[in-house]
Amino acid sequence: MADDAERVLTGGCLCGGLRYRATGAPAYAGLCHCEDCQKSSGSAFAPFMGYPLARFSFSGPASHYDHRLKDGRTSRRNFCPTCGSTVFGGGEDEEVTIYAGSLDDPALFVPRMQIFCSNRREWAHIVPGSLREFDEM
């Protein structure tokens, strides 16, 4: 594999209409157990990787949904208008969050932490002690 500076990640939606490319290593990677990610993903958590917007690009049509968080911030989720796949978050600021399930090669996702563990479902425990855990963000 190329070193982290040369690493290229690609991915996209289920139908292939919305594609992205990210370069370098992610700034962070983990599992989010917040209620918003549970609802959005339809699962117990959302696997994510953070990238500076300058190292991320996408092609194809993208729609987005802005959701007001409990703390007053806005969360943006970008999805394919054709198949509905949620592909990445953010993009309106300086960073973007790639949802790891959209990677062409999911083996490139290596979580380092879990956030919002206070909302973790009892049946969704990853190997205890294998990742840093935070009750909130």
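1. Two strands are said to pair if DSSP finds at least two bridges between them. Keep that in mind as you look through this predicted model. A good place to begin is strand β7 (residues 74–79), which pairs with β8 in the antiparallel sense over three bridges. Here N78 stands opposite F88 in β8.

2. Now step back to the whole sheet. It is an open sheet of eight strands with mixed pairing, and its order is β6-β7-β8-β9-β4-β3-β10-β11. β6 (63–68) and β11 (132–133) stand at the edges; each has a single partner strand, so one side of each is left without a neighbour in the sheet.

3. Next, follow β9 (95–99). On one side, β8 and β9 pair in the antiparallel sense over three bridges, and the bridge partner of G90 is V96 in β9. Strand β4 (residues 46–52) also pairs with β9 in the antiparallel sense, this time over five bridges, with M49 opposite I98.

4. Is β9 largely enclosed or open? Buried means under 20% relative accessible area. Four of the five residues of β9 are buried, so this strand is largely enclosed by the rest of the structure.

5. Finally, have a look at the hairpin of β8 and β9. There are four residues between the strands, and G91 takes a positive phi near 100°. E94 is found in the loop between β8 (86–90) and β9. With a relative accessible area of 68%, E94 is exposed. Together, E92, D93, E94 and E95 form a negative surface patch.

How values were computed. Residues are numbered from 1 along each chain as its sequence is written. This is a predicted model: local features need pLDDT of at least 70, side-chain atom pairs count only at pLDDT 80 or more; totals for chains, interfaces and linings use all residues. Side-chain values use heavy atoms; hydrogens and water are left out. Patches are made of residues with over 30% relative accessible area and no salt bridge: like charges are joined within 9 Å, nonpolar side chains (Val, Leu, Ile, Met, Phe, Trp, Tyr) within 5 Å. Accessible areas come from the Shrake-Rupley method with a 1.4 Å probe; for residues, only the protein chains shown count as cover. A salt bridge is a side-chain nitrogen of Lys or Arg within 4 Å of a carboxyl oxygen of Asp or Glu. Lys and Arg count as positive and Asp and Glu as negative; His and the chain ends are not counted. The place of a charge is taken as NZ of Lys, CZ of Arg, CG of Asp or CD of Glu. Helices (H or I, at least four residues) and strands (E, at least two) are DSSP runs, numbered from the N terminus. Buried means under 20% relative accessible area, exposed over 50%, partly exposed in between (1.4 Å probe, protein chains only).
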